[in-house]
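Could you walk me through this model in the viewer, telling me what to select at each stop and what is there?

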Amino acid sequence: MDVTGYLARLGLGPEPPSLAALRRLHAAHVERVPYEALEVQLGRPAPLDPPASLARILRGRGGYCYHLNGAFSALLRALGYQVTRHIGGVQSSAADAPNIDRNHLALTVAGLPDAPGAEFLADTGLGDGPHEPLPLREGTYVQGPHTYRLRPSEWRRAAGGSSTTPPAASPAWISRPESRR
């Protein structure tokens, strides 16, 4: 994996894992690697595996959640982060029924030396998603013009779990942002 090239694309240098470094990596990724789904719209399949997604990003392209979060997870692992990939869905508004349709890839990051015991939702794969990682605990988080709310999903609660504390193989869930006006 070309960590140096990827970090150069993000305008960053290498640094040890920390919450501050994770925030910088996440923000730079959202700012510099665009969300795009051109191949989907044109009916052209694009490989989703992390090596193909990495190559795509290093060529100056973007992608959608499977490309962006797939490549970002590989970068984070190469830098020493503890990353878990989660298949899930996106809920457009709080009024919508929970939708875990396997149409989204999100990440959780744990094991940060300056945030022991904490987990964070890292999602660079939404066009209007979080600018920085969100603490993986129930709450409302404001980033720029958007408000994000993490809460236990009714879908997960019915299955005996909570989306705010996903086990390693379970889907992650996040409400899409509500614009503040």
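Start with the whole protein chain: of its 181 residues, 48% are buried. Please keep in mind throughout that this is a predicted model. Colour the chain by secondary structure, and you will find 6 helices and 8 strands. Reading from the N terminus, the order of elements is α-α-α-α-α-β-β-β-β-β-β-α-β-β. If you like contact maps, here is a value to go with yours: taking contacts between residues at least 6 apart in sequence, 56% join residues at least 24 apart.

**Stop one: H1 against H5**

Select helix H1, residues 3–10, together with helix H5, residues 65–78. Their axes lie 11 Å apart, and the packing angle is about 120°. H1 and H5 are therefore oblique to each other. Looking at the handedness of this pair, the crossing of H1 and H5 is left-handed. Now show side chains: on the H1 side pick Val3, Tyr6, Leu7 and Leu10, and on the H5 side pick Leu68, Ala71, Phe72, Leu75 and Ala78, which they meet. Sorted by class, this contact between H1 and H5 holds 9 nonpolar residues, with no polar and no charged ones.

**Stop two: H2 against H5**

Keep H5 on screen and add H2. How far apart are the axes of H2 and H5, and at what angle do they cross? The axes come within 12 Å, and the crossing is at roughly 150°. The two helices H2 and H5 are therefore roughly antiparallel to each other. Here the crossing of H2 and H5 is right-handed. To see the contact, select Leu22, Leu25, His26 and His29 in H2, then Leu68, Phe72, Leu75 and Leu76 in H5. The class count for H2 with H5 is 6 nonpolar, 2 polar and no charged residues.

**Stop three: H4 against H5**

Swap H2 for H4. The axes of H4 and H5 come within 8 Å, crossing at roughly 100°. That makes H4 roughly perpendicular to H5. From H4, the contact draws on Pro50, Ser53, Leu54, Arg56 and Ile57; from H5, it draws on Tyr66, His67, Leu68, Gly70, Ala71 and Ala74. Counted by class, H4 with H5 brings together 7 nonpolar, 3 polar and 1 charged residues.

While you are here, zoom in on Pro50, which sits in helix H4. Is Pro50 buried or partly exposed? Its relative accessible area is 25%, so Pro50 is partly exposed. Draw a distance between the C-alpha atoms of Pro50 and Gly70: these residues are 20 apart along the chain, and the separation is 5.2 Å. Setting aside neighbours within four places in sequence, Pro50 is in contact with Gly70 and Arg85.

**Stop four: the nonpolar cores**

Next, go inside. Which residues touch the most other members of the largest nonpolar core? Leu25 and Tyr81 do, in a core of 26 residues. At least two residues of this core come from each of H1, helix H2 (19–32), helix H4 (50–58), H5, strand E2 (104–110) and strand E3 (119–122). H5 provides the largest share of the core, 6 residues.

Centre the view on Tyr81 and show its surroundings. Not counting residues up to four places away in sequence, Tyr81 touches Pro16, Pro17, Ser18, Ala21, Leu22, Leu25, Leu76, Val109 and Leu112. Apart from the largest core lies another one, of 7 residues; to find this second core, select some of its members, including Ala106, Leu136, Tyr141 and Leu150.

**Last stop: Arg24**

Finish by selecting Arg24, which belongs to helix H2. With a relative accessibility of 39%, Arg24 counts as partly exposed. Which residues is Arg24 in contact with, leaving aside its neighbours within four places in sequence? Show Leu12 and Glu15, and you have the contacts of Arg24 in view. For one more distance, pick the C-alpha atoms of Arg24 and Glu132: the two residues are 108 apart along the chain, and these atoms are separated by 7.8 Å.

Definitions and conventions:
Residues are numbered from 1 along each chain as its sequence is written. This is a predicted model: local features need pLDDT of at least 70, side-chain atom pairs count only at pLDDT 80 or more; totals for chains, interfaces and linings use all residues. Side-chain values use heavy atoms; hydrogens and water are left out. Axes are lines fitted to C-alpha atoms, for helices over the stretch in contact, and angles run from 0 to 180 degrees between N-to-C directions. Helices (H or I, at least four residues) and strands (E, at least two) are DSSP runs, numbered from the N terminus. Angles under 35 degrees count as roughly parallel, over 145 as roughly antiparallel, 65 to 115 as roughly perpendicular and the rest as oblique. A crossing is left-handed if the near helix is turned anticlockwise from the far one by less than a right angle, and right-handed if clockwise. Contact means heavy atoms within 4.5 Å. Ala, Val, Leu, Ile, Met, Phe, Trp, Tyr, Cys and Pro count as nonpolar, Asp, Glu, Lys and Arg as charged, and the others, Gly among them, as polar. A nonpolar core is a set of buried Ala, Val, Leu, Ile, Met, Phe, Trp, Tyr and Cys residues joined through side-chain atoms within 4.5 Å. Buried means under 20% relative accessible area, exposed over 50%, partly exposed in between (1.4 Å probe, protein chains only).
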